[in-house]
Amino acid sequence: MTSTVPTTAVQHSDEQPPITMFGPDFPYAYDDFLAHPAGIGQIPATEHGSEVAVIGGGLSGIVAAYELMKMGLKPVVYEADRIGGRLRTVGFEGCEGELTAEMGAMRFPPSSTALQHYIDLVGLTTRPFPNPLAPSTPSTVVDLKGESHYAETIDDLPQVYRDVMDAWNTCLEEGADFSDMNRAMRERDVPRIREIWAKLVEKLDNQTFYGFLCDSEAFRSFRHREIFGQVGFGTGGWDTDFPNSILEILRVVYSEADDHHRGIVEGSQQLPLRLWEREPAKIVHWPLGTSLSSLHGGDPRPAVTRLNRAGNRITVTDAAGDIRTYRAAVFTAQSWLLLSKIACDDALFPIDHWTAMERTHYMESSKLFVPVDRPFWLDKDARTGRDTMSMTLTDRMTRGTYLLDDGPDRPAVICLSYTWCDDSLKWLPLSANERMEVMLKSLGEIYPDVDIRSHIIGNPVTVSWENEPYFMGAFKANLPGHYRYQRRLFTHFMQDRLPEDKRGIFLAGDDISWTAGWAEGAVQTALNAVWGVMHQFGGATDPTNPGPGDVYDDIAPVELPED
């Protein structure tokens with residue numbers, strides 16, 4: 001699941017090292033850590049077989065459980081719904097075949113290099129995702145205020161759109177040292193990254209994204225800000241992010257998290273599912289052929305209903321009434337569940353961490369997909385010579401429409417609408433079929449001569465993440481002034497800094513990361529938690545491959561004063 005950021009002026013070339021999600025808050029090379037032949041750590045043999053609770057079977061939970069199992073611990077995974085979390089791939093009722101829809105994450109940037117480690121590990125393949133104006137996208141239609149523009153490249157759009165793109169690049173350069181930070185992140189120049197970012201955090205923590213634009217001379221035009229908000233560049237419009245902290249946006253822009261996206265051909269949910277079934281070639285304590293699935297008899301434990309402390313241990317009660325106590329637990333579900341669906345002792349976390357969870361701000365998001373008989377949008381209009389239909393950005397109810405196919409003679413899928421925040425809430429009372437009717441009407445106003453309905457071959461599928469009982473939102477997005485809260489949550493894995501009676505449960509998941517909504521953040525925080533559990537059990541990393549906790553003092557996130 002992604003936010004939206006336009007393509008920036010600086011692009012990767014063969015002369016430059018590739019950009020990765022290396023910082024800016026915590027510039028640690030998780031990809032190098034995973035690739036090192038020494039492995040990511042070990043625990044004393046006397047601790048082999050010890051149980052560790054892992055709460056949540058999304059990507060973060062499964063990565064944490066997989067790595068803990070490889071170390072010789074016994075992860076016990078609890079999952080309320082299905083393995084995958086917001087990596088959710090579904091089929092279509094009434095439609096035979098292998099067509100699927102990605103209800104959560106569907107596009108992943110190459111800068112997600114720790115994520116890519118696991119994609120490669122389980123043998124998944126990726127291909128370019130058809131974002132607007134991307135090289136792999138045949139055509140794009142920008143429809144704003146009732147006026148449509150057809151484009152195969154940015155140069156085909158009216159000049160005002162290029163002016164808006166130039167204004168954004170100028171705004172980034174002048175207000176956020178974009179080129180300097182981009183260069184420092186490519187070169188993994190830790191001192192320079194920290195120097196630039198420390199100044200920006202102090203300067204911009206209280207600033208909204210919209211306020212950042214308004215402070216720029218480049219965006220003095222309201223019309224330009226409006227176009228940027230409603231249509232944008234890259235993956236689409238920006239206005240749903242306007243109230244959020246500009247620091248959230250800068251993290252994405254610096255790391256090119258919204259550029260050059262790729263989709264997982266076999267379906268994104270296959271990543272956690274294949275890790276669940278994977279039998280590692282190198283594993284400690286457990287016999288070869290062991291997998292997370294085999295350790296659990298095929299299925300994870302059910303939903304957690306209660307968490308409490310028993311001395312310096314964590315007691316977990318699940319929906320089946322089973323009660324187990326662990327020396328360590330990793331919590332990877334969305335943190336709001338600790339405030340609502342799970343009964344918790346106040347003693348689980350320090351009060352400042354509870355405050356950080358209570359202040360968490362989640363964004364809503366909805367999608368609607370339909371299966372169609374073929375990629376009819378590639379047919380050429382006899383009158384204009386253009387594609388019959390295009391990837392579409394609009395200020396109408398659909399907002400973003402994506403066209404997904406595997407070739408000209410095969411059934412295909414349309415994401416009729418992908419929306420955020422208030423646009424998502426507009427759909428909330430509607431059923432899947434009611435939503436489809438609204439979206440077909442909206443698209444019919446853009447493409448009056450295209451009969452989309454005649455191509456539909458199965459029932460629509462939809463999701464509103466704010467209405468999902470174990471999510472209550474698509475992903476976290478910090479508001480201005482939230483930096484201190486995010487820092488508390490991210491650094492929670494460094495438990496030597498906590499009182500002894502507050503240790504033993506580790507927070508992980510993308511909303512604990514600095515890049516909520518990105519699978520890379522889920523992976524990175526899982527690895528932080530694994531390091532924390534290993535450390536608690538008396539383990540250590542190899543000296544040649546220090547873990548995130550080993551180098552923490554050298555690269556710790558900026559700490560803002562609280563007085």
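Me: In this predicted model, over how many bridges do strand E10 and E11 pair?
Reply: Strand E10 covers residues 313-318, and its pairing with E11 runs in the antiparallel sense. One matched pair in it is Thr-317 with its bridge partner Ile-323 in E11. The count of bridges between E10 and E11 is 4.

Me: Which strands stand at the edges of the sheet that holds E11?
Reply: That sheet is open, has 4 strands with mixed pairing, and goes in the order E11-E10-E9-E13. An edge strand here has a single partner strand, so one side of it is left without a neighbour in the sheet. The two that fit are strand E11 (323-326) and strand E13 (343-344).

Me: OK, on to the sheet with 7 strands: which are its edge strands?
Reply: This one is also an open sheet with mixed pairing, ordered E7-E6-E16-E17-E18-E15-E19. Look for strands that pair on one side only, and you get strand E7 (147-151) and strand E19 (461-464).

Me: Which residue in E17 does Thr-392 stand opposite?
Reply: Strand E16 takes in residues 391-394, and E16 pairs with E17 in the antiparallel sense over 2 bridges. Opposite Thr-392 in E17 is Thr-401.

Me: At what angle does helix H14 run to E15?
Reply: H14 spans residues 432-446 and lies across E6, E7, E15, E16, E17, E18 and E19. Its direction relative to strand E15 (365-372) comes out at about 80 degrees.

Me: Which strand gives the most to the lining of the largest pocket?
Reply: The lining has 37 residues, with Arg-127, Leu-404, Asp-405, Asp-406 and Val-413 nearest the pocket's centre. Strands E4, E5, E8, E17 and E18 each supply at least two residues. With 3 residues, the top contributor is E17.

Me: And how many charged residues are in that lining?
Reply: The pocket itself has a volume of about 850 Å³. Split by class, its lining has 20 nonpolar and 8 polar residues, and the charged ones number 9.

Me: Is the crossing of H2 and H16 right-handed or left-handed?
Reply: Helix H2 (residues 59-70) packs on helix H16 (residues 519-536) at an angle of about 35 degrees, and their axes are 8 Å apart. The crossing of this pair is right-handed.

Me: How many nonpolar residues does the contact of H2 with H16 have?
Reply: From H2, the residues taking part include Leu-59, Val-63 and Leu-68, and among those they meet in H16 are Val-523, Leu-527 and Val-530. The contact also has 2 polar residues and 1 charged, while the nonpolar count is 11.

Notes: Residues numbered from 1 in each chain as written. Predicted model: local features only at pLDDT ≥ 70, side-chain atom pairs only at ≥ 80, totals over all residues. Heavy atoms only, no water. 1 Å grid on protein atoms, 1.4 Å probe; cavity = no way out; pocket = protein on both sides within 12 Å on 5 of 7 lines; lining within 4 Å. Points joined across faces, edges and corners; volume = space filled by probe spheres on them. Nonpolar A, V, L, I, M, F, W, Y, C, P; charged D, E, K, R; others polar. Pairing = 2+ DSSP bridges. Contact = heavy atoms within 4.5 Å. Axes fitted to C-alpha atoms, helices over the stretch in contact; angles between N-to-C directions. Left-handed = near helix turned anticlockwise from the far one by under 90°.
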